[in-house]
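Biologist: Hi, I have not worked with this structure before. Could you bring it up and walk me through it?

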Amino acid sequence: MTLFKRLISICLFCIFAATAMAQYGTNSPYTRYGFGQLSDQSFGNSKAMGGIAYGLRNGLHINAANPASYSAVDSLTFLFDAGMSLQNTNFKENGVKTNAKNSTVDYIAMQFRLWERMGMTLGFLPYSIVGYNMSKAQTISNSNDLEGNTISQLTSYNGDGGLQQVFVGLGYKVFNNLSIGANFSYLYGDITHMSRLTFNNPNATSSVLSNKLEIKDYKLDLGLQYTQKFGKKHTVNVGAVYSLGHDLNGTGYKFKETYMSESNYPATQTIDTIKNAFSLPHTLGVGFTYVYNNRLTVGMDYTLQKWGETKFFNEEGKFQDRTKIALGAEYLPNPIGRNYLKRIRYRVGGYYSDPYAKVDGKEGAREYGVSFGFGLPLEVFQGRSILNISGQYVKVSPKVKGMLEENYLRVNIGLTFNDRWFMKWKVE
């Protein structure tokens, strides 16, 4: 039976991972810049609490944001966690509104005890997402063709792709109150940004500019957690994470093509190939949680990403440093009572984030988010497995007046399957 469960879990992991790699859940024009929209690295329980994670330490959930937390898994437990999100986005610019709907797989991971005092996690996480398609029509003043018709131009922009990471992580309990850990990730993917300029004059040409990048490299995250108990009911967890910034093994391509009217083949084409043109930022995150009687958890996270020191297509100054502050809380009325409503985990949180990418040389849009959700115990799995459901409202607000505003309503659904794999049964 144990072998069967393991095979089923591995198959589910592969199916979810293959599905996730093929999906890009965004229609945001802001993904036109840089690596696109940076993905939320938190799991189901954390998403409902504003994304706090560095100080979260709980053997019932996987916390990939801080690999030191892996050592909290007990010797009998196997965890399988998968999550997806559904979102509706409202775009607003100069009084014009439109909507878009998306869905995507957010994460897949499994966790178990590898050796005494050491936990191991395998998983898949998106790193960034790109997806947009927009156009802008403009009349060229005082310009006419031979028949006296006014010449107009249409500029269209579209992009797709993203970066993904497959990782293996280890967490080791050095002392009873101190744990360290590391995630070793393979970062890969490709992104394409394209703009096309066309004219209504049949004798005019159209031009296409495309930037494409391909990344295949490693990503390293180091974590630490310190736990201090005060009496029998009070616990404070302090966590810190450092992600190594480095030049990426990747190639950038810049295409420039011109087309004669009504032709599907470029009249001229130039291609510039740039090796090792991109880099990842040094990232530091710190956070803490306070836990009362294993029922109430409150916490706070702070993240700093040094994007201002990175390069994109070998150009510096394209990005700026990004900060994020998150607050969250969880309340469990009665973990062992018969009343089902009292065994539900009630969660709430919020966050604020600066942009990392500049928009036409100016600072991009800030992001605010609030969330609430529930952790529902599943009786069919002996009450140890949890269905995590949360709702998020996210507002993307530009600092420059007249730029596009975005409002997201997002539903996150995650299943944490918790099973006893390594229990030894004794028959008398």
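Modeller: Let us start with one residue: tyrosine 346 is partly exposed, with a relative accessible area of 29%, where partly exposed lies between buried, under 20%, and exposed, over 50%, using a 1.4 Å probe and protein chains only. This is a predicted model, in which local features need pLDDT of at least 70 and side-chain atom pairs count only at pLDDT 80 or more, while totals for chains, interfaces and linings use all residues. Residues are numbered from 1 along each chain as its sequence is written, and side-chain values use heavy atoms, with hydrogens and water left out.

Biologist: Where does tyrosine 346 lie, and what does it touch?

Modeller: Tyrosine 346 lies in strand S16, residues 345-353, strands being DSSP runs of E with at least two residues and helices runs of H or I with at least four, numbered from the N terminus. Leaving aside residues up to four places away in sequence, tyrosine 346 touches Ala329, Glu330, Tyr331, Pro333, Leu341, Gly373 and Phe374, a contact being heavy atoms within 4.5 Å.

Biologist: Which backbone oxygen lies 2.8 Å from a polar atom of its side chain?

Modeller: That is the backbone oxygen of leucine 341.

Biologist: Changing topic, how many helices and strands are there in the protein chain?

Modeller: The protein chain has two helices and 21 strands, and 49% of its 428 residues count as buried.

Biologist: And which residues touch the most other members in the largest nonpolar core?

Modeller: Phe35, Leu163, Leu213 and Phe278 do, in a core of 38 residues; such a core is a set of buried Ala, Val, Leu, Ile, Met, Phe, Trp, Tyr and Cys residues joined through side-chain atoms within 4.5 Å. The elements giving two or more residues to this core are strands S4 (118-144), S5 (150-175), S6 (178-199), S7 (205-230) and S20 (386-398), and S4 gives the most, with three residues.

Biologist: Which residues are in the second core?

Modeller: That separate core has ten residues, including Phe78, Met110, Phe112 and Tyr188.

Biologist: What about strand S8, which way do its side chains point?

Modeller: The side chains alternate along S8, residues 234-243: Thr235, Asn237, Gly239, Val241 and Ser243 point to one face and are buried, whereas His234, Val236, Val238, Ala240 and Tyr242 point to the other and are not.

Biologist: In which sense does S8 pair with S11?

Modeller: S8 and strand S11, residues 283-292, pair in the antiparallel sense over ten bridges, where pairing requires that DSSP finds at least two bridges between the strands. Within this pair, valine 236 stands opposite tyrosine 290 in S11.

Key: A polar contact is a pair of N or O atoms within 3.5 Å; within protein, one must be able to donate a hydrogen and the other to accept it, and residues adjacent in sequence count only if both atoms are side-chain atoms.
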